[in-house]
Every structure is written in structure tokens, then in C-alpha cells.
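Let's take a walk through a protein model together. Have a look at the picture first, and then we'll go from the overall build down to a few pairs of side chains.

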Amino acid sequence: MLKFDWNILFTFVNLIIFYVLMKKFLFGRIKKVMDARKELIQKQFDDAEQVAKDADEKLADYEGRIANVEAEGEQIIAEARDSAKVEYDRIIEKAEADAAALKADAEKQIEIDTINARKAAKEEIASLAMQAAEKVVGRNVSAENDSDIFDDFLKESSDE
């Protein structure tokens, strides 16, 4: 026959009572602590993900700024080159204009000097001609006659 052991029944009842007490007093608190821990860990993961997103956005922003700075630097360099080219052209143009003005002034001075030299040569030739005429004629021609002859000579030589 089967014998029923009361120890097993008391052990079983003790286990059920222990389980109910644990469920009522301990499992709820443990579950709350675990849920809080789970939320904390999830929050940390979310925060880390947000930080990573922010870092990626800042990196993209900085890369964009660097690209803009490089493009702006190239633009500034291009503008400086253009400005230098304009200044160079202006200086060259001014130098050419100054050289042309100097050349024109020199040509005018040469022309004036040539005219003066011709005039001086004509006067010298006229004076020599007068001296020769005086020696040939043998008498000193009057100042009025000298002046008339001199003027006629100059007039004839300038017509040529």
C-alpha cells in the first residue's frame, strides 16, 4: 500500500507559501529594479546613438565649412590674381603712355633743335655770304642793304 508522507505535503505547502510571499514582497521589487535598469540601459543606448548622430552632423557641418573655406580661399586668390592682372595692365599701359609721351617730347625737341640748327646754319651762311659779297664789292654795304639781302636770302632758303 501506499503510504502518504506528511513531510512532502508540508514541504509542498511551505514552497507554495514561500512562493506567494516572494511574489508579493520580492518579485515585484526585483521586477521594478530590473525594469528601471532596463530603462536606464536603453536611455544610455539612445543617448549614445543621439551623440553619435550629433557628432556625424557636426562632422558633416565642419567638412562643409572646410569645403566652403577652401572654395572661398580659391575665390580670394582668383580675385587677387585678377586684381594684380588689372594693376599690372594699368602699370604697363601707364608706362607705355609715359614712354610714348617721352618719345613725342623727344621728337618735338629734335624737330625744334633741327629747325634751330637749320636757322643757325642759314644765318651763318648768310653772314658768310655777306662777308664774301663785301669783299667782292669792295665796299661795306649799309646796314639796311645788309638786312634786305639777309632777309631775301632767308626767304629764298626757307622756300626750298
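**A walk along the chain**

Start with Glu87: with a relative accessible area of 36%, this residue is partly exposed. That label sits in the middle of a scale where buried means under 20% relative accessible area and exposed means over 50%, with partly exposed in between (1.4 Å probe, protein chains only).

Before going further, a word on what you're looking at. This is a predicted model, so local features need pLDDT of at least 70 and side-chain atom pairs count only at pLDDT 80 or more, while totals for chains, interfaces and linings use all residues. Residues are numbered from 1 along each chain as its sequence is written, and side-chain values use heavy atoms, with hydrogens and water left out.

Now zoom out. The protein chain has two helices and zero strands; here helices (H or I, at least four residues) and strands (E, at least two) are DSSP runs, numbered from the N terminus. How many of the 160 residues count as buried, as a percentage? Just 3% of them do. The chain exposes about 14,600 Å², and 61% of that comes from carbon and sulfur atoms. Those areas come from the Shrake-Rupley method with a 1.4 Å probe; for residues, only the protein chains shown count as cover.

Next, the charged pairs. A search of the whole structure turns up six salt bridges, each being a side-chain nitrogen of Lys or Arg within 4 Å of a carboxyl oxygen of Asp or Glu.

Back to Glu87, then. Its salt-bridge partner is Arg90, and the closest N and O atoms are 2.3 Å apart. Both residues lie in helix H1, three residues apart, which is about one turn of the helix. Arg90 is partly exposed too, at 45% relative accessibility.

Which residue does Asp89 meet in a salt bridge? Look for Lys85: the N to O distance is 3.2 Å. Asp89 and Lys85 are both in helix H1 (residues 6-137), four residues apart, again about one turn. Asp89 has 33% relative accessibility, so it counts as partly exposed, and Lys85, at 46%, is partly exposed as well.

One more pair to find: Lys94 and Asp98 form a salt bridge, with their closest N and O atoms 3.7 Å apart. Why are they about one helical turn from each other? Because they are four residues apart in helix H1. Lys94 is partly exposed, with a relative accessible area of 48%, and Asp98 is partly exposed at 39%.
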